[in-house]
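Have a look at the fold below before reading on. The notes after it walk through the strands, then the helices, then a few loop residues.

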Amino acid sequence: MTVEQRRIQCWDVDGGYAAAREKYRAEFVRANFDLQEQGFEEVDVFLRADARSLSAKLDETNYLVAAKINKRRLFAEVFGQFGRLTQITAKLHRHFQSEFAPVFCSMLKMGPLQYKPDYHRLAASAEVDESYRWHVDNGPSSHLKLIIYLNDDHDGATAVMSRQDSRKFIDAGYLEGERLFHVDEFAEEHGISYTPYKIQPKAGSGLIFEPTNVLHKGMYPTFGERRVFQIGIIPWGEPWEKHYEEHWAKGYSSSNGFPKYVLGDGGPFDA
Ligand SMILES: [Fe+2]
């Protein structure tokens, strides 16, 4: 089994995500659309000032589960509530063709590399954070990730490829090997043409994408500190507030985890 087949078996099949998506989609009555064909889209999330005040709440930890953030309020700002839905929620409805729920969130910050970036050194270096090498995320195929850029007083970025370009790499076996900092040699070796997109953050803007389908990586700033807040989103059978009350509000918290669906018997969470 390839890495991708194992991921699909683990999440889509064993985890119940494929069945859940079909079920919720069938129950949902709204117009049919889709996320942009390329598998990612830039969106406006917050006002710049709000993003910057959230950024200011980050403490010294490099990777911080957003314990100090009022998640209920944050999700309400991002997704809207009580029927007042944001533009992002409209996009999520169109994409999933169902309701959805945020299931994990975390803050990340990253300063410049301590040495001058050098192609061959970086390619082999263990010092480069795994999420700063080209990769797809683990998890169910149906989940989306929303990266919210909290600041823009740095030159860091997110690089992402279209769904179609990513497919070329996956089909050429990219996921079977180590994550690479640069993929041009791999592309040349396999005759792949591709166009990476560099998403330059504006505080308050965001990137929503299919992290299991599109290759992506963080890009180190050469000055300043890159700060982002990320939210993992899955298709769900009820509005996010309901999910929140039943799970997050009862102590469920996760920086990078997925609930297991158990469809057809009251409780959707297995563990
Ligand atoms: Fe990722």
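## Strand E6 and its partners

In which sense do E6 and strand E9 pair, and over how many bridges? The two run antiparallel, with 4 bridges between E6 and E9 (residues 205-209). Keep in mind that this is a predicted model. One register point to check on screen is Lys145, which sits opposite Phe209 in E9. E6 also pairs with strand E11 (residues 226-236), again in the antiparallel sense, through 6 bridges. Here Leu144 faces Ile233 of E11, and Tyr149 stands opposite Val228 of E11.

How many of the residues of E6 are buried? The count is 6 of the 6 in residues 144-149, so the strand is largely enclosed by the rest of the structure. In a regular strand, side chains alternate between the two faces of the sheet. In E6, Leu144, Leu146 and Ile148 point one way, while Lys145, Ile147 and Tyr149 point the other way, and all are buried. So you'll find a lysine among the buried residues of this strand.

## Strand E11, covered along its length

E11 gets similar treatment: 11 of its 11 residues are buried, and the strand is mostly covered. Pointing one way are Arg226, Val228, Gln230, Gly232, Ile234 and Trp236. Arg227, Phe229, Ile231, Ile233 and Pro235 point the other way, and these are buried too.

Besides E6, E11 has strand E5 (99-110) as a partner, with 11 bridges joining the two in an antiparallel arrangement. Leu108 has Val228 of E11 as its bridge partner. Val228 also stands opposite Tyr149, so to speak a handy residue to click on.

## The nonpolar core

Which residues have the most contacts inside the largest nonpolar core? They are Phe100, Ile148 and Leu150, in a core of 48 residues. Ile148 is a residue of E6 that points one way along with Leu144 and Leu146.

Phe100 is worth a zoom. Setting aside residues up to four places away in sequence, Phe100 touches Leu92, Ile233, Ile234, Pro235, Trp236 and Trp240. Among those, Ile234 and Trp236 point one way from E11, and Ile233 and Pro235 the other.

## A small open sheet

There is also an open sheet of 3 strands, in the order E8-E7-E10, with antiparallel pairing. Strand E8 (197-199) and strand E10 (216-219) are the edge strands, each with a single partner, so one side of each has no neighbour in the sheet. On average, neighbouring strands here are turned by 25 degrees against each other, direction ignored. E7 (residues 157-160) is joined to E8 by 3 bridges, and Val160 has Tyr197 as its bridge partner in E8.

## Two helices with a buried side

Helix H4 (residues 71-79) has Phe75, Val78 and Phe79 as its buried residues. Viewed down the axis of H4, they fall within an arc of 80 degrees, so they line one face of the helix. What covers them includes strand E3 (80-81), H5, E5 and helix H9 (240-246). Right after H4 comes Gly80, with a positive phi near 80 degrees.

In helix H7 (residues 163-171), the buried residues are Asp165, Ser166 and Phe169. They span an arc of only 100 degrees around the axis, which puts them on the same side of H7. Gly173, just after H7, has a positive phi of about 90 degrees.

## Either end of H5

Thr86 is in the loop between strand E4 (84-85) and helix H5 (87-96). Buried or partly exposed? Thr86 counts as partly exposed because it has 17 C-beta neighbours inside 10 Å, where 20 or more would make a residue buried. Neighbours within four places in sequence aside, Thr86 is in contact with Val78, Phe79 and Gly80. Its C-alpha atom is 8.8 Å from that of Val45, 41 residues apart along the chain.

Gln97 lies in the loop between H5 and E5. With 20 C-beta neighbours inside 10 Å, Gln97 counts as buried. Gln97 also has a positive phi of about 55 degrees, although it is not a glycine.

## Overall numbers

The protein's secondary structure comes to 9 helices and 11 strands. Of its 271 residues, 35% count as buried. Among contacts between residues at least 6 apart in sequence, 89% join residues at least 24 apart.

Key. Residues are numbered from 1 along each chain as its sequence is written. This is a predicted model: local features need pLDDT of at least 70, side-chain atom pairs count only at pLDDT 80 or more; totals for chains, interfaces and linings use all residues. A residue is buried if 20 or more other C-beta atoms lie within 10 Å of its own, exposed if 12 or fewer, and partly exposed in between; C-beta atoms are placed from the backbone. The arc is that of the directions from the helix axis to the C-beta atoms. Two strands pair if DSSP finds at least two bridges between them. Two residues are in contact if their C-beta atoms, placed from the backbone, lie within 7 Å. A nonpolar core is a set of buried Ala, Val, Leu, Ile, Met, Phe, Trp, Tyr and Cys residues joined through C-beta atoms within 7 Å. Axes are lines fitted to C-alpha atoms, for helices over the stretch in contact, and angles run from 0 to 180 degrees between N-to-C directions.
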